Amino acid sequence: MKRSEINDIIASADTFIRSFGWVLPPFADWTPDQMRARGDEIAGIRDARLGWDITDYGQGRFDEMGLVLFTARNGRQADLKRGGGMCYAEKIMISRRDQLSPMHRHWLKAEDIINRGGATLAIELFGSAPDGVFDGNAGGTVLCDGVPRDFAPGEVLRLAPGESVTLMPGDWHAFWGEGGDVLIGEVSTVNDDETDNWFREPLGRFAEVEEDTPPARLLVSDYTSRLQQPA
């Protein structure tokens, strides 16, 4: 993706999010220079990888396959492993009309996916084989706003604004906006996008960025190269 495209997507995403009465944390508006100037003061943001994440899954077809994400809070893997402390995460996302977030699962993360507003959120579901790999013949059971719902292999669950589904590790899922753009909430256990996304097809989790213009906002994938790391 071109950096100029990413800049435009972030600007329009902020407008879309605000149209539903949601306001992102202050660091959503910080420029790269402002983030660098704060140094280790923002180590909690940098190390938890809070902030903007615009992905086309490395395919170069953002309008067809992509997602806008903003991680607002994220806990600590160490707390999760010891069973207490900051074991949660929260994201806000935008799935455009017919824009696919491709079939994947998580090994560790359980998540509530919530339609926060807009059009219908369509989620295609499959279960796992005993070893966790994709099984096109496997269904399963999810919770929809606390109520169990069985799903057949490849069934498409449709969530109206306000509705949600709880996905457990091993639940294979793909999703898109149906009939329009959708504002999506995600409340989950600790999030690790570098190691805990397993795609059915060989895809990259992050976009490959062509630097045709300076970044207006940094992506979480920029932090390692563009923010000073502690000694």
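Begin by selecting helix H1 (residues 3-18) in this predicted model. The 16 residues of H1 should span 22 Å at 1.5 Å a residue, and the end C-alpha atoms of the helix are 23 Å apart, so expectation and model agree.

Next, colour H1 by burial. Arg-3, Ile-6, Asn-7, Ile-9, Ile-10, Ala-13, Asp-14 and Ile-17 are its buried residues. Viewed down the axis, these buried residues lie within an arc of 165 degrees and therefore line one face of the helix. Turn to the face directed away from the buried side, and the exposed residues Asp-8 and Thr-15 come into view.

What covers the buried residues of H1? To display the cover, add strand S1 (51-55), strand S2 (67-74), strand S3 (88-95), strand S10 (172-189) and helix H5 (223-226), which are included in it.

Stay on H1 and select Ile-17. With a relative accessible area of 2%, Ile-17 falls under the 20% limit and is therefore buried. Show its surroundings: beyond its neighbours within four places in sequence, Ile-17 is in contact with Trp-22, Leu-24, Trp-52, Ile-92, Ile-94 and Leu-183. Then add Gly-117, which is 100 residues from Ile-17 in sequence, with a C-alpha to C-alpha distance of 9.4 Å.

From here, widen the selection to the nonpolar interior. The largest nonpolar core comprises 30 residues, and the members with the most contacts inside it are Met-35, Ile-45, Trp-52, Ile-54, Val-68 and Phe-70. At least two residues of this core come from each of H1, helix H3 (43-48), S1, S2 and S3. Which element gives the most to this core? The answer is H1, with five residues. Another core lies apart from this one; it has 21 residues, and Tyr-57, Leu-121, Ile-123 and Val-142 are among them.

Val-142 leads to the next stop, the hairpin of S6 and S7. Select strand S6 (residues 140-144) together with strand S7 (residues 147-151); the two pair in the antiparallel sense over five bridges. Opposite Val-142 stands Arg-149 in S7. Then centre on the turn, where two residues lie between the strands and Asp-145 takes a positive phi near 50 degrees.

Move now to strand S4 (residues 101-105) and select His-104 within it. Is this residue buried or exposed? His-104 is buried, because its relative accessible area is 6%, under the 20% limit. The side chain of His-104 reaches the backbone oxygen of Pro-102 at 2.7 Å. Leaving out residues up to four places away in sequence, His-104 touches Asp-171, Trp-172, His-173, Phe-175, Asn-197, Trp-198 and Phe-199. Display these side chains together to see what surrounds His-104.

The last stop is Gln-59, in the loop between S1 and S2. Its relative accessible area is 33%, and Gln-59 is therefore partly exposed, as that class runs between 20% and 50%. Residues up to four places away in sequence aside, Gln-59 touches Met-65 and Leu-203. Finally, draw a distance from the C-alpha atom of Gln-59 to that of Pro-214: the two residues are 155 residues apart along the chain, and these atoms are separated by 22 Å.

Terms used
Residues are numbered from 1 along each chain as its sequence is written. This is a predicted model: local features need pLDDT of at least 70, side-chain atom pairs count only at pLDDT 80 or more; totals for chains, interfaces and linings use all residues. Side-chain values use heavy atoms; hydrogens and water are left out. Helices (H or I, at least four residues) and strands (E, at least two) are DSSP runs, numbered from the N terminus. Buried means under 20% relative accessible area, exposed over 50%, partly exposed in between (1.4 Å probe, protein chains only). Contact means heavy atoms within 4.5 Å. Two strands pair if DSSP finds at least two bridges between them. The expected span of a helix is 1.5 Å times one less than its number of residues. The arc is that of the directions from the helix axis to the C-beta atoms. A polar contact is a pair of N or O atoms within 3.5 Å; within protein, one must be able to donate a hydrogen and the other to accept it, and residues adjacent in sequence count only if both atoms are side-chain atoms. A nonpolar core is a set of buried Ala, Val, Leu, Ile, Met, Phe, Trp, Tyr and Cys residues joined through side-chain atoms within 4.5 Å.
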